[in-house]
Structures are given as C-alpha cells and as structure tokens.
Amino acid sequence: MRLYVIGPVSGIKKNNRPAFEEVATVLMAEGYGVDIPHNIVPECVDDWRGAMLHCLHHLTITRVRCDKGHEGEHTGNPYIQGIAMLDGWEKSRGARIEHDLAEALGIPCKPWREWL
C-alpha cells in the first residue's frame, strides 16, 4: 500500500521536511511505500501554487495507464492508496486541499499513527 503524507510545510523551518521524513521512515518500517511532498516538488518550483499543482497531480495519478501494454487491466485505481496526516495538518491550506480531494476520490485519510 502506498501512502502520501500531508501536513504543514510553508512558514516552517526547512519546510517541515524533518517531520515528514521522520513519519515516512516509521511508516516504511511498517512496510508501506511512502511519498512526501518534498520528494515530489522539483527544487526549481519556489511558489505555493506550483508546489500544489505537483502534489495534486501526484495524488490523482493512477497505477495503470490506458495503452496496449496494459490491455485488460483495470484503470482508475489510484497510485496513492492512503493519506497519512501529520499533527497540525488541518492548519495547512494545502494539506486541507489534499485531504478534501483524497476524500472526494475515496482515498482513506487517517492520522499517521493510525496506519501503524
């Protein structure tokens, strides 16, 4: 199962990367595949809007493409199968958007500790 970690980034020292990485490490030790925004957004993107576009794209991609190489396979299954929410995620505008989009798409959202 592949999880995507959401939480506050903007305005926090080092863009809160240490907290994201710590949680990702714990979740990976439990056997999950884990993605964090810091590894999705290219370093050349330096604005909130651009970062959100990359993150939302990642959140909405599917595991199977619609081409001949995947004939007969079901499409529309999300690559990201769960959202792991950092403490304080609800204070982040971006995390709230990611959470709401995931819920609308039927992707389960839980505080990260509940995935353990």
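1. Fold order. Helices here are DSSP runs of H or I with at least four residues, and strands are E runs of at least two, numbered from the N terminus. On that basis the protein reads β-α-β-α-β-α-β along the sequence. That comes to three helices and four strands. Note that this is a predicted model.

2. Burial and surface. The protein has 116 residues, and 38% of them count as buried. About 7,100 Å² is exposed. Carbon and sulfur atoms supply 51% of that area.

3. Contact range. Take the contacts between residues at least 6 apart in sequence. Of these, 63% join residues at least 24 apart. Two cases of pairing across the sequence follow below, one from the aromatic rings and one from helix 1.

4. The aromatic pair. The structure holds one aromatic pair. Its members are Tyr32 and Trp115, with ring centres 6.0 Å apart and planes at 80°, so the pair is edge-to-face. The cut-off for that label is a plane angle over 60 degrees. The two residues are 83 apart in the chain and link distant parts of it. Tyr32 sits in the loop between helix 1 (17-29) and strand 2 (33-35). Trp115 belongs to the segment after strand 4 (109-111).

5. Burial of the pair. Are Tyr32 and Trp115 buried or exposed? Tyr32 has a relative accessible area of 18%, under the 20% limit, so Tyr32 counts as buried. Trp115 is at 7% and is buried as well.

6. Charges over rings. Trp115 has a second partner to check. Lys110 lies over the face of Trp115, at 4.1 Å from the ring centre. Elsewhere, Arg93 lies over the face of Trp48, also at 4.1 Å from the ring centre.

7. Helix 2. This helix covers residues 48-60, which is 13 residues. From first C-alpha to last it reaches 18 Å. That is close to the 18 Å expected at 1.5 Å a residue. Which residues of helix 2 are buried? They are Gly50, Met52, Cys55, His58 and Leu59. These buried residues pack against three strands and a helix: strand 1 (2-6), strand 2, strand 3 (82-85) and helix 3 (93-104).

8. Ala24 in helix 1. Ala24 is found in helix 1. The residue is buried, at a relative accessible area of 6%. What does Ala24 contact, leaving aside its neighbours within four places in sequence? The partners are Val34 and Ile36. Val5 is 19 residues away along the chain from Ala24, and their C-alpha atoms are separated by 7.4 Å.

9. Backbone at Asn15 and Asn16. Most residues other than glycine have a negative phi. Two asparagines depart from this. Asn15 has a positive phi near 55°, and Asn16 has a positive phi of about 65°. Asn15 lies in the loop between strand 1 and helix 1, and Asn16 lies there too. How exposed are Asn15 and Asn16? Asn15 is partly exposed, with a relative accessible area of 41%. Asn16 counts as buried, at 13% relative accessibility.

Methods:
Residues are numbered from 1 along each chain as its sequence is written. This is a predicted model: local features need pLDDT of at least 70, side-chain atom pairs count only at pLDDT 80 or more; totals for chains, interfaces and linings use all residues. Side-chain values use heavy atoms; hydrogens and water are left out. Buried means under 20% relative accessible area, exposed over 50%, partly exposed in between (1.4 Å probe, protein chains only). Contact means heavy atoms within 4.5 Å. Accessible areas come from the Shrake-Rupley method with a 1.4 Å probe; for residues, only the protein chains shown count as cover. Rings of Phe, Tyr and Trp (its six-membered ring) pair if their centres lie within 6.5 Å; planes under 30 degrees apart count as stacked, over 60 as edge-to-face and the rest as tilted. A charge sits over a ring if NZ of Lys or CZ of Arg is within 6 Å of the ring centre and within 35 degrees of the ring normal. The expected span of a helix is 1.5 Å times one less than its number of residues.
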